[in-house]
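Reader: I'd like a close look at one part of this model, the metal site and whatever sits around it. Could you walk me through that, and then wander outward from there?

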Amino acid sequence: MQAPDKNRLSINTATVRQQWNLKQIIDGCARHDIRGISPWRDQVQALGLQQTAQRIRSNELFVSGYCRGGMFPGVDAQARRAADEDNRRAVDEALALNAACLVLVVGGLPGESKDLAGARSQVRDGLGRLLEYARNVGMPLAIEPLHPMYAADRACVNTLEQANDLCDELGDDGLGIAVDLYHTWWDPKFYAQLERAGRKRILAFHLCDWLVPTRDLLNDRGMMGDGVIDIRAARLAVEALGFTGAHEVEIFSAHNWWQRDPDEVLETCKARHQSHC
Ligand code: ZN
């Protein structure tokens, strides 16, 4: 089996966020010779945007994606306008960090709503508005479909097919998909929809494993190799389509990896990247 390129490994900062602040994570990646990083907005805000950009540059790291924008549906026009403004700020921050894309978790049902179709059309409209802004400044937007268990509260775009449909509808200039295996591995159309997305639309590739049993739907993701996802098959498939971006490890793990020495976590990510991705 063809081993992955070590230089493509990227750490989504959520993976060690309970142990380290962003400055420590940047230094940790550099120390472990991990070249990619994907930071979250709250951490960047805490460290300062310019300071973050400068530290990432001076350590010669690349930013595989910026987490995150989205949350388009709102209870009223005012709420949607506030989301629009915040999303434009996220685009600007992603530019300052020279991120490969801004990752979008699109949002679920607003307030007490039960109108899932309505939420999905609010997502399409909000995405369209943001896309206009992002295209002008040259920041690619990556729609991240989330597992359907999050349809109500985080993202009502739940499959690669839905994300592809949005790209068809809005035009895929500057718009694509963040393929996160945790959210998409189960989908019977996974490989067909990857192919439909093709090289142009696949903007990010997020890795972790699905544990059996999964004890917490948000914070019990597995290290690559500890679960049931054929990560290597998926990675070879996206690369066969021409994807040359990062293999971004994103593990939320309240009871295991967040409890460990973060240096050990990064070393394990490196080793499992080679053996299981
Ligand atoms: Zn992800």
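Author: Let's start with a bit of vocabulary: four donors count as tetrahedral if all angles lie between 85 and 135 degrees, and as square planar if opposite donors are over 155 degrees apart and all others between 65 and 115; anything else is irregular. Keep in mind, too, that this is a predicted model.

Now the site itself. The zinc ion has four protein donors, Glu144 (OE), Asp180 (OD), His206 (ND1) and Glu250 (OE), which lie 2.1 to 2.2 Å from the metal. The angles among the four donor atoms run from 83 to 153°, so the site ends up as irregular. Along the sequence, the donor residues follow the spacing E-x35-D-x25-H-x43-E. Two of them, Asp180 and Glu250, tie together distant parts of the chain, 70 residues apart. Asp180 belongs to strand 7 (residues 175-180), while Glu250 sits in the loop between strand 9 (247-249) and helix 10 (262-276). Both of these donors are buried.

Glu250 makes a handy stepping stone to Thr15, which touches it along with Val249, Ile251, Trp258, Val265 and Cys269, leaving out residues up to four places away in sequence. Thr15 comes from the loop between strand 1 (9-12) and helix 1 (22-31). Its relative accessibility is 0%, so Thr15 counts as buried. The Thr15 side chain also reaches the backbone nitrogen of Ile251, at 3.1 Å.

Trp258 is worth a stop of its own. You'll find Trp258 in the loop between strand 9 and helix 10. Trp258 is buried because its relative accessible area, 11%, falls under the 20% cut-off. The side chain of Trp258 reaches the backbone oxygen of Thr15 at 3.4 Å. Setting aside neighbours within four places in sequence, the contacts of Trp258 include Ala14, Thr15, Val16, Arg17, Gln18 and Gln19, and also Asn219, Ile251, Phe252 and Ser253. As for Asp216, 42 residues away along the chain, its C-alpha atom is 14 Å from that of Trp258.

Moving on to helix 1, we get to some helix packing. Helix 1 and helix 3 (residues 49-58) pack at an angle of about 10°, and their axes are 10 Å apart. An angle under 35 degrees is the cut-off here, so the two helices are roughly parallel to each other. Leu22, Lys23, Ile26 and Asp27 supply the helix 1 side of that contact, and Thr52, Arg55 and Ile56 the helix 3 side.

Past helix 3, in the loop that leads to strand 3 (62-63), is Glu60. Glu60 is not a glycine, yet has a positive phi of about 55°. With 64% relative accessibility, Glu60 counts as exposed. Asn98, in the loop between helix 4 (77-96) and strand 5 (102-105), is another non-glycine with a positive phi of about 55°. Asn98 is exposed as well, at 65% relative accessibility.

A different asparagine tells another story. Asn164, in helix 6 (residues 160-170), has 0% relative accessibility and so counts as buried. Its side chain makes a polar contact with the side chain of Gln193, at 2.9 Å.

Last, two backbone details. The peptide bond from Cys67 to Arg68 is cis, with omega near -10°, and Arg68 lies in strand 4 (residues 66-70). The bond from Val212 to Pro213 is cis too, with omega near -5°; Pro213 is in the loop between strand 8 (202-207) and helix 9 (231-240).

Technical notes. Residues numbered from 1 in each chain as written. Predicted model: local features only at pLDDT ≥ 70, side-chain atom pairs only at ≥ 80, totals over all residues. Heavy atoms only, no water. Donors = N, O, S within 2.8 Å, 3.2 Å for Na, K, Ca; no water. Tetrahedral: all angles 85-135°; square planar, octahedral: opposite > 155°, others 65-115°. Helix = DSSP H or I, 4+ residues; strand = E, 2+ residues; numbered from the N terminus. Buried < 20%, exposed > 50% of the residue type's maximum accessible area, 1.4 Å probe, protein only. Polar contact = N/O pair within 3.5 Å; in protein donor to acceptor, adjacent residues only side chain to side chain. Contact = heavy atoms within 4.5 Å. Axes fitted to C-alpha atoms, helices over the stretch in contact; angles between N-to-C directions. Parallel < 35°, antiparallel > 145°, perpendicular 65-115°, else oblique.
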